[in-house]
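Q: I am new to this structure and would like a guided tour. Please take a close look at one helix and its neighbours, then show me a few other places for context.

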Amino acid sequence: MSNGKTVALALGSGAARGYTHIGVIEALEARGYEIVAISGCSMGAVIGGFYAAGKLQQYRDWVCTLNYMDVLKLVDVTLLSNGVIRGDKLYNRMEEMLNGQLIEDLNIPFTAVSVDLKSKKEVWFQNGPLNQAIRASAAIPSVFAPVCDDAGRTLVDGAVLNPLPITPCMSAHADYIIAVDLNSDLPLPQDLMPEEEKDKNEGRRLLWMNSLLDKASQWLENKSNARKQADENLGKLDILNQVFEVMSSSLTQYKVAGYPPDLLIRMPVKVSEVYEFYRAEEIIETGRHIADEALSEFEQGNSSRYGRIMG
């Protein structure tokens, strides 16, 4: 019998901002909510998949130890493949943690959303290897190489068509459907980060980009030309990311209008840059802070800046 606090949780795409999903889950559990179904896209699929597998704490512990050089070592930068980053080291490490887990064996019903480029349709992973589903859902076009499966599909990030997969949650027997949008244009809560920390993050960002440029340049024969070409490719990548965020924001609005959740938690896009995976602890805490604020008002029957009641 329901205690009136069961939740079907939809987790959206947003690269490093996806760490805020961990904070949302922690806020929900601290308030006594039980997550009985979960769907995710891209980083939402990563966090949702690890949670459904009972491995989220292990994943959290791992990512919170990573600094910018650790993250750089995990990404296999290449200018010669279908993606800028192969990601084999990263996904191999995740596979070790998931240990061959199948979606159909999870304690919590889970759906990872991807897109098949050939059929131009969404693909819902609700069975099969969890790691493969996560990898397909998070294969950002022109960033990560697409996943080609045995069915002949070419699978990329689900955000291409559905950055916030609420639909799989509609059939769940839950008291509430809660969705987390990572692409809101709301301002970042200023009480979370002092000015000196902002300056420190900017320094880390510059060091990260320079390190990435140096690594990318190793793929070319001429060092001076390498730097220029790598810079051009990463400049294009930055533009692509901005386009992808604009597209995701627009698509999210349509999805939310068509399938309104009971509560939409809105994370500001300025929580982090897409590549700042070395800021896990800080991003998680930001997510928990925002979720707590949204849930406090929701429990009083009110919408708030970061939490909109819709259902």
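A: Let us begin with the elements themselves: helices (H or I, at least four residues) and strands (E, at least two) are DSSP runs, numbered from the N terminus. With that in hand, N99 can be placed in the loop between α5 (88–98) and β3, and we will come back to N99 at the end.

This is a predicted model, in which local features need pLDDT of at least 70 and side-chain atom pairs count only at pLDDT 80 or more, while totals for chains, interfaces and linings use all residues. Residues are numbered from 1 along each chain as its sequence is written, and side-chain values use heavy atoms, with hydrogens and water left out.

First, the overall picture. The protein chain has nine helices and nine strands. Of its 311 residues, 51% are buried; buried means under 20% relative accessible area, exposed means over 50%, and partly exposed lies in between (1.4 Å probe, protein chains only). A contact means heavy atoms within 4.5 Å. Among contacts between residues at least 6 apart in sequence, 77% join residues at least 24 apart.

Now for the helix you asked about, α1, which spans residues 20–30. Leading up to α1 is a loop that starts from β1 (6–11), and A15 is located in this loop. A15 has a positive phi near 55° even though it is a residue other than glycine. Its relative accessibility is 13%, so A15 counts as buried.

T20 belongs to α1. With a relative accessible area of 0%, T20 is buried. Leaving aside residues up to four places away in sequence, T20 touches L182, M267, V271, I283 and G287.

One neighbour of α1 is helix α2. The axes of α1 and α2 are 10 Å apart, and the two helices pack at an angle of about 40°. Axes here are lines fitted to C-alpha atoms, for helices over the stretch in contact, and angles run from 0 to 180 degrees between N-to-C directions. That angle makes α1 oblique to α2; angles under 35 degrees count as roughly parallel, over 145 as roughly antiparallel, 65 to 115 as roughly perpendicular, and the rest as oblique. On the α1 side the contact is made by H21, I22, I25 and E29, which meet M43, G44, I47 and Y51 of α2. Sorted by class, the contact of α1 with α2 has five nonpolar, two polar and one charged residues. In this scheme Ala, Val, Leu, Ile, Met, Phe, Trp, Tyr, Cys and Pro are nonpolar, Asp, Glu, Lys and Arg are charged, and the others, Gly among them, are polar.

Helix α2 covers residues 43–52, and 10 of its 10 residues are buried, so α2 is largely enclosed by the rest of the structure. Its buried residues include M43, G44, I47 and Y51. After α2 comes G54, with a positive phi near 75°.

Another neighbour of α1 is helix α3 (residues 56–63), whose axis comes within 12 Å of that of α1 and crosses it at roughly 135°. These two helices are therefore oblique to each other as well. In the contact, I22, I25 and E26 of α1 meet L56, Y59 and R60 of α3. By class there are four nonpolar, no polar and two charged residues in the contact of α1 with α3.

For context, here is a hairpin. Strand β3 (residues 110–116) pairs with strand β4 (residues 121–125) in the antiparallel sense, over five bridges; two strands pair if DSSP finds at least two bridges between them. One bridge joins V113 to its partner W124 in β4. Four residues lie between the strands of this hairpin. K120 sits in the loop between β3 and β4, and its phi is positive, about 60°, although K120 is not a glycine. With a relative accessible area of 66%, K120 is exposed.

As promised, back to N99. At 64% relative accessibility, N99 counts as exposed. Its C-alpha atom is separated by 8.9 Å from that of N131, 32 residues apart along the chain.
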